[in-house]
Amino acid sequence: MLYEKCRIQVCLFFLCLALLFGIPATASDSNRRYPQTEIPSFWKGSVQEIETAIHEVKRGTTKTIAHSPGGRAVYLVTYGTTIDLNRQANYNSAAAARDPSYYANKPENTPPIVFIVGTPHGQEIEGMVGLVNLLRVAETGSDWRGKAWPRLREYLDRCRALIVPLSNPDGRARCPYDSFVGIPVEEMTRIGQGTRKDGTLYGWPGAKQRHPMKGDVGFLGAYFNDNGVNLMHDDWFDPMAEETKALLRVAREEAPDYLLNLHSHGHAPAILSTAYVPWYCKEAENRFAERLMERYRQAGLPAGRLPTPHEDGKTYPPPSFNLTSALHHVCGGISLLFECPHGLKETKYPQVNHEQILDLELILFEELFVFAIENPRPSAHAIRNE
Ligand SMILES: [Zn+2]
């Protein structure tokens, strides 16, 4: 009884402290082991800044598609008109009917549908900043620096664009940094993949050995939502996370022609190979990456390796069937994964600043919308009428 009373008093003491000093329930600056690099004003990628950007959308429409285990909203922003798909089967059955138009019979001259999934990993802030600036371009023609992107705006307007600026708000809220420019890789790894109770790093790919990430957890990495689920490796036939279900639902309902899943790493920017997708996806992925990397080189930005089309699982262990693969299999669209450099303070990695990271992201989006217009998916309508 005495123990119970003491415990209540201790709890009340800490509650008062928290109220007095406004200690947040999620990430705090005290979780940083390195000082945060100075953040330029165009670098908007916190949960609050992303919410503000979404609430400022006027040319597009916004809707909440899920709530995270931490009670945070996941939003979808849409530009362009709704397209009547004349659906009479799900994608899988339509493919079995040997004609995807039974799933999505798009009328002639329908604008391509492009779905961009904002970073499922909460410490990979570069894609979030890129999307907040993409919303700004969609709304005003210029990014938050005031730099005009007429080609990006023109091609975005010619597509139906579906944008989820933040797919894992729990993970982002747990990340105490707003940028990893100038931060060592070890610190990014601690924040992203988390630690065991003894403080050792899970690292990559160690953070995938335990899933959901529960039990031996010291700091729950920003990879995960508040239930410890890494959206990249959910159970596709019975998803654990509402966020994953919502992303799959958007893809299933909208039938995007192109999908882009945003990530970040230390290395040069790259489009990674999506496993377990048909050859037309692998071939388009390679062609898109080639164009994108050429564009980066012309802009004086770092450019990474190309994904080479290849057969999956010829060696063991096989590649994972991840979110990028799963998104293809509900809609048949070309599902791509982009990795942006963080600008980590490591000599082995390309050194990029905030300006360059934003350019990498916006050039990526511009190239994607242009590619979608210039490389329309085979017209399912035409196939049915052959
Ligand atoms: Zn990632």
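This passage describes how the strands of one sheet are arranged and how several helices lie against them in a predicted model.

The strands considered here belong to an open sheet of 7 strands, in which the order is E1-E2-E4-E3-E5-E7-E6 and the pairing is mixed. At the edges of this sheet stand E1 and strand E6 (270-272), each of which pairs on one side only. From one strand to the next, the twist averages 25 degrees.

At one edge of the sheet, strand E1 (residues 61-67) pairs with E2 in the antiparallel sense, and 6 bridges are found between them. Within this pairing, Thr 62 has Val 77 of E2 as its bridge partner. The two strands E1 and E2 form a hairpin with 5 residues between the strands, and in this hairpin Gly 71 takes a positive phi near 85 degrees. Strand E2 (residues 73-79) is itself mostly covered, since 7 of its 7 residues are buried. The side chains of E2 can be divided by direction: Ala 73, Tyr 75, Val 77 and Tyr 79 point one way, whereas Val 74, Leu 76 and Thr 78 point the other way, and all of these residues are buried. Strand E2 is also joined to strand E4 (residues 160-164), with which it runs antiparallel, by 3 bridges. In this second pairing, Thr 78 is placed opposite Leu 162 of E4.

The order of the sheet then leads from E4 to E3. These two strands, E3 and E4, pair in the parallel sense over 5 bridges, and Ile 113 stands opposite Arg 160 in E4. Strand E3 (residues 113-117) is in turn joined to E5 by 4 bridges, and the two run parallel; here Ile 116 stands opposite Leu 260 in E5.

Strand E5 (residues 258-265) is largely enclosed by the rest of the structure, because 8 of its 8 residues are buried. Tyr 258, Leu 260, Leu 262 and Ser 264 point one way from E5, while Leu 259, Asn 261, His 263 and His 265 point the other way, and all are buried. Besides its pairing with E3, strand E5 pairs in the parallel sense with strand E7 (residues 334-341), over 8 bridges. One of the residues in this pairing is His 265, whose bridge partner in E7 is Pro 341.

Two helices can be described by the strands that they lie across. Helix H9 (residues 279-298) lies across E6 and E7 and runs at about 30 degrees to E7. Helix H10, by comparison, lies across E3, E5 and E7, running at about 155 degrees to E7.

Helix H10 (residues 323-331) also packs with helix H8 (residues 242-254), at an angle of about 40 degrees and with the two axes 8 Å apart. That angle makes H8 oblique to H10. The crossing by which H8 passes H10 is right-handed. On the side of H8, the contact is made by Thr 244, Leu 247, Leu 248, Ala 251 and Arg 252, and on the side of H10 by Leu 323, Ala 326, Leu 327, Val 330 and Cys 331. When the residues of this contact between H8 and H10 are divided by character, 8 are nonpolar, 1 is polar and 1 is charged.

Terms used. Residues are numbered from 1 along each chain as its sequence is written. This is a predicted model: local features need pLDDT of at least 70, side-chain atom pairs count only at pLDDT 80 or more; totals for chains, interfaces and linings use all residues. Side-chain values use heavy atoms; hydrogens and water are left out. Axes are lines fitted to C-alpha atoms, for helices over the stretch in contact, and angles run from 0 to 180 degrees between N-to-C directions. Angles under 35 degrees count as roughly parallel, over 145 as roughly antiparallel, 65 to 115 as roughly perpendicular and the rest as oblique. A crossing is left-handed if the near helix is turned anticlockwise from the far one by less than a right angle, and right-handed if clockwise. Contact means heavy atoms within 4.5 Å. Ala, Val, Leu, Ile, Met, Phe, Trp, Tyr, Cys and Pro count as nonpolar, Asp, Glu, Lys and Arg as charged, and the others, Gly among them, as polar. Buried means under 20% relative accessible area, exposed over 50%, partly exposed in between (1.4 Å probe, protein chains only). Two strands pair if DSSP finds at least two bridges between them.
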